[in-house]
Amino acid sequence: MSFQRLVRFVNEQGRTLYGDLKSETPSDLTGVEVEVLEGDIQSGFKSTGRKDKISKLLCPLPNVPYVVCIGLNYQRHANEANLKVASYPVVFTKPADALAGPYEDVPIHPDAQGMLDYEGELTVVIGKDAKNVSEADALSYVLGYTVGNDVSARNFQLPDASGGQFCYAKSFDKFAPIGPVIVAANLIPDPQKLHYVTKVNGKVRQETETSDMIFPIAKIISHLSRGTTLRKGTVIQTGTPSGVGLFMEPKGFLKDGDVVEVTVDGIGSIRNKMVFEK
């Protein structure tokens with residue numbers, strides 16, 4: 001995979017292309033010129049030698065096998081939730097249709113509006129099929145890192161509604177915006193040394209170092225690949241830190257028109273507006 005910061009975009013002529021951003025990711029990629037790539041996640045990429053401008057930035061992945069999510073993976077988040085940490089990572093999934101672009105509006109079904117929450121997350125993209133991977137080798141299976149938001153309808157997550165299962169509450173269409181780029185794994189040699197912030201309407205709600213993770217990324221990949229094939233292109237959302245709306249007093253649930261911005265140092269920012277459907 002030959003790229004530094006992979007983007008997928010629409011150019012001024014309306015063509016959908018892949019590109020490589022060679023410099024640090026700016027706060028807004030609209031109008032930025034990138035090197036055009038040919039290929040895809042499955043076959044790999046190579047430069048065309050051409051450059052083009054981003055008219056519209058898209059989700060960096062058009063489709064994925066599925067999205068795997070890790071729950072309760074930051075110590076301070078476990079503390080605020082007053083929950084005991086399990087022996088193994090808490091795992092749930094989202095379907096591919098939960099993906100959304102980095103600047104895309106997130107439509108919220110009426111039944112999901114009452115307790116709508118955000119979860120800023122460092123997100124991993126698997127670069128080659130992985131099965132029975134050791135923790136020591138796990139990071140060699142990473143294509144790159146991106147930014148994510150595990151949007152959550154908490155009313156469907158509460159034990160009385162779900163029996164303790166998370167999937168339904170988090171699997172609505174576009175409940176997994178990611179982007180703005182996929183930063184090549186070699187540019188982030190230690191994913192446990194990253195800082196990131198989640199803001200709602202410009203106000204900080206979450207701020208963490210990834211060193212607060214209970215299960216580091218290498219351990220997560222090794223665990224998920226135990227007897228199970230993680231296909232190339234699989235997205236892993238690695239958990240959220242403290243500061244979610246559910247545990248604020250008063251509650252900090254999202255309202256119609258709220259904008260959630262998640263920024264990971266060295267990767268960039270996603271900004272998504274919540275749009276309540278009638």
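In this predicted model, strand β1 and strand β5 (residues 56–57) are joined by two bridges and run antiparallel. The chain holds four helices and 19 strands. Two parts of it are described below: the surroundings of β1, and an open sheet of five strands that includes β18.

**Strand β1 and its partners**

- Phenylalanine 9 of β1 has leucine 57 of β5 opposite it.
- Strand β1 covers residues 5–10, and six of its six residues are buried.
- Burial applies to both faces of β1: Arg5, Val7 and Phe9 lie on one side, Leu6, Arg8 and Val10 on the other, and all are buried.
- Strand β2 (residues 16–20) pairs with β1 in the antiparallel sense over five bridges, and valine 7 stands opposite glycine 19 of β2.
- The two strands β1 and β2 make a hairpin with five residues between them. Glycine 14, in the turn, has a positive phi of about 90°.
- Strand β14 (residues 176–184) also pairs with β1, antiparallel and over two bridges. Here leucine 6 has isoleucine 182 as its bridge partner.

**The five-stranded open sheet**

- The strand order is β9-β19-β18-β15-β16, and the pairing is mixed.
- β9 (106–108) and β16 (203–209) are at the edges with a single partner strand each, so one side of each has no neighbour in the sheet.
- On average, neighbouring strands of this sheet are turned by 20° against each other, with direction ignored.
- β9 runs parallel to β19 and is joined to it by three bridges; proline 107 has valine 275 of β19 as its bridge partner.

**Strand β18 within that sheet**

- In general, the side chains of a regular strand alternate between the two faces of the sheet.
- Strand β18 (residues 259–264) shows such alternation: Val260, Val262 and Val264 point to one face and are buried. Val259, Glu261 and Thr263 point to the other face and are not buried.
- Strand β15 (residues 195–200) runs antiparallel to β18, with five bridges joining the two. Within this pair, glutamate 261 of β18 is the bridge partner of lysine 199.
- Strand β19 (residues 268–276) pairs with β18 over six bridges, again in the antiparallel sense.
- Valine 264, one of the buried residues of β18, stands opposite glycine 268 of β19.
- β18 and β19 form a hairpin with three residues between them. Its turn contains glycine 266, which has a positive phi of about 85°.

**The chain as a whole**

- A compact globule of 278 residues would have a radius of gyration near 19 Å; the chain has 18 Å, so the two agree.
- The C-alpha trace spans about 55 × 45 × 30 Å along its principal axes.
- Of the 278 residues, 55% are buried.
- Among contacts with a separation of 6 or more, 71% are between residues 24 or more positions apart.
- The accessible surface of the chain is about 11,900 Å², and carbon and sulfur atoms account for 47% of that surface.

Conventions. Residues are numbered from 1 along each chain as its sequence is written. This is a predicted model: local features need pLDDT of at least 70, side-chain atom pairs count only at pLDDT 80 or more; totals for chains, interfaces and linings use all residues. Side-chain values use heavy atoms; hydrogens and water are left out. Buried means under 20% relative accessible area, exposed over 50%, partly exposed in between (1.4 Å probe, protein chains only). Two strands pair if DSSP finds at least two bridges between them. Axes are lines fitted to C-alpha atoms, for helices over the stretch in contact, and angles run from 0 to 180 degrees between N-to-C directions. The radius of gyration is taken over C-alpha atoms; the globule rule is 2.2 Å times the number of residues to the power 0.38. Contact means heavy atoms within 4.5 Å. Accessible areas come from the Shrake-Rupley method with a 1.4 Å probe; for residues, only the protein chains shown count as cover.
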